Amino acid sequence: MKAMIIQGPNLNMLGIRDPRIYGPVKLDTIHENIKKHAEQMGVEVGFFQSNFEGEIVDKIQECLGQYDGIIINPAAYAHTSVAIRDAIAAVNLPTIEVHISNIHAREEFRHKSLTAAACSGVIAGFGPIGYHLALQGLSQILSEIEAIKNARAQAQTQQTQQQN
Ligand code: DQA
């Protein structure tokens, strides 16, 4: 399994930015820990961070045919970006949205995520461990998709054999 981790605006400031909300750990360290966790799971991961909406749209599109799934923290764009939501829906890859903080316990404008509706699931409020939980969730979703595909292929083979 190959998963792309996409980080939205201001997440490059983790460690400096609002440590009481986001914790003291820098993005590089969060990524090192995700990589270690992914290696233990036998998962290959790529990382991307941008402060620009269009670059995030481009990266989501580039995942098609390259990655099996996406883990995205759209950051503030979760609350505003129809373009990122449409890109997630367009590639139709299993996608998990992560928020480090519990967006539902914060200001009202953070309660709504436009991007979440295009995702398979959302994890919020677990701190950086949320990315590890997302990897586990993504792996589970992909195994289920694989099992359904195999069952369909088996049913198809049986049907063909019965016809002959
Ligand atoms: C965030 C929550 C967003 O509301 C905020 O704009 C962020 C980070 C989080 O990870 O908790 O930049 O996505």
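A polar contact is a pair of N or O atoms within 3.5 Å, and this cut-off will help us to read the surroundings of the ligand in this structure, which is a predicted model.

We begin with the sheet, which is open and is formed by five parallel strands in the order β2-β1-β3-β4-β5. Because β2, residues 44-49, and β5, residues 121-124, stand at the edges and have a single partner strand each, one side of each is left without a neighbour in the sheet. From one strand to the next, the twist averages 20°. The partner of β5 is β4, made of residues 95-99, and four bridges join these two parallel strands; if we look along this pair, we find Ile96 opposite Gly121 of β5.

Helices pack on this sheet as well. Helix α2, which spans residues 27-41, touches β1 and β2, and its direction makes about 165° with that of β2, whereas helix α3, residues 53-62, lies across β1, β2 and β3 and runs at about 175° to β1.

We now turn to the ligand, whose surrounding residues include Arg17, Tyr22, Asn73, His79, His99, Ser101, Arg106 and Arg110. What distance separates an oxygen atom of the ligand from an N or O atom in the side chain of Asn73? The distance is 2.9 Å, and because a polar contact requires N or O atoms within 3.5 Å, this pair counts as one. A polar side-chain atom of His79 lies 2.7 Å from a ligand oxygen, and for the side chain of His99 the distance from an N or O atom to an oxygen of the ligand is 2.7 Å. On its own the ligand has 320 Å² of accessible area, of which the protein covers 99%.

Technical notes
Residues numbered from 1 in each chain as written. Predicted model: local features only at pLDDT ≥ 70, side-chain atom pairs only at ≥ 80, totals over all residues. Heavy atoms only, no water. Pairing = 2+ DSSP bridges. Axes fitted to C-alpha atoms, helices over the stretch in contact; angles between N-to-C directions. Contact = heavy atoms within 4.5 Å. Near = heavy atom within 4 Å. Polar contact = N/O pair within 3.5 Å; in protein donor to acceptor, adjacent residues only side chain to side chain. Areas by Shrake-Rupley, 256 points an atom, 1.4 Å probe, with all protein chains shown as cover.
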